[in-house]
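Grab a pencil and work through these short exercises. Each one comes with a solution you can check against the viewer.

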Amino acid sequence: MKKLLLLFISISFLTSCVSNKKIVYLQGDTEHEVYNLQHKIFKTQVNDILLIKISSKNKELTNFFNALSPDQLNPNNNINTNPYLSGYRINAKGNIRLPYLGEMNVLGYSINEIRILIEKELSKYIQNSESFYVDVKSAGIKYTVIGEITKPGTNYLLQYEANIVDAIANSGDITQYGNRTNVEVIRQETDGLKKYEVDLTDIDVFKAKAFLLQNNDIINIKPIKQKPIGLGTTGLSVFNTILSTFTVAVTTYLFVNSL
């Protein structure tokens, strides 16, 4: 019986719970270092959604080139238009189809390059280029988060630039069983899929290449070792697990020796 007790005491010491260093985000001293985020100029991908608007004092000119939104088609419709329904999707060939301008390849272009391209095409129809204004925006950033996250699935951030912290916060945060020190970001690059590892507990994550999100990123939150083992993440949960196991073992031992 004493040997059994010593065994379980040894297990309790050998089994470590998750320390704060593996839970707390963005640890480190920033007093003597300034982190300058590298604002990247992202290139478009297949299935990206673009919001394109052409403005002019001449309403006839504006209505001629602008796509009609669902609200314009139905003036009595008071429902807000979803940009993912009314925007221009880049198809598998890298093209968008603009009213009267037709098919236009924009795959791998920046937002500014697309604006210049549309202005160039418009100038073929309008002699005075100062009579119109072209505005091109991204409809937002789509990302998918899986694994140990409160709200897994595909989400959208309606902003031009976002980072991995924004995505995780928007998805309800990582669960207590999630590994914050080794978060995987799977990204479509020009030469194929690439996987990056990000440590969200380290302040140096601001320097990571995958810190800023790209459209269609997949974020994989892997579980910590304590979950598959089933011992818990806190000292109390580990103790309760060991105590319950020890109680069952003692009860079984006493029952067997009473026969």
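**Exercise 1.** In this predicted model, work out the strand order of the sheet that holds β1, β2 and β5, and say which strands stand at the edges.

*Solution.* Start with the order: the three strands line up as β2-β1-β5 in an open sheet, with antiparallel pairing. Next, count partners. β2 (88–89) and β5 (133–138) each have a single partner strand, so each has one side without a neighbour in the sheet, and these two are the edges.

**Exercise 2.** Look at how β1 and β2 are joined, then find what packs on the sheet.

*Solution.* Strand β1 covers residues 49–55, and two bridges tie it to β2, the two running antiparallel. For a landmark, pick L50, which sits opposite Y88 in β2. Now add the helix: α5 (residues 111–122) packs on this sheet and touches β1 and β5. The direction of α5 makes about 145° with that of β5.

**Exercise 3.** Decide whether N220 is buried or exposed, and list what it touches.

*Solution.* First place the residue: N220 belongs to strand β10, residues 217–221. Buried means under 20% relative accessible area. N220 comes in at 18%, so it counts as buried. Skipping neighbours within four places in sequence, the contacts of N220 are I146, G147, V183 and E184.

**Exercise 4.** Zoom out and sum up the whole protein.

*Solution.* Tally the elements: eight helices and ten strands. Then check burial: 34% of the 259 residues count as buried. Finally, the surface: about 16,400 Å² is accessible, and carbon and sulfur atoms make up 56% of that.

Notes
Residues are numbered from 1 along each chain as its sequence is written. This is a predicted model: local features need pLDDT of at least 70, side-chain atom pairs count only at pLDDT 80 or more; totals for chains, interfaces and linings use all residues. Side-chain values use heavy atoms; hydrogens and water are left out. Helices (H or I, at least four residues) and strands (E, at least two) are DSSP runs, numbered from the N terminus. Buried means under 20% relative accessible area, exposed over 50%, partly exposed in between (1.4 Å probe, protein chains only). Accessible areas come from the Shrake-Rupley method with a 1.4 Å probe; for residues, only the protein chains shown count as cover. Contact means heavy atoms within 4.5 Å. Two strands pair if DSSP finds at least two bridges between them. Axes are lines fitted to C-alpha atoms, for helices over the stretch in contact, and angles run from 0 to 180 degrees between N-to-C directions.
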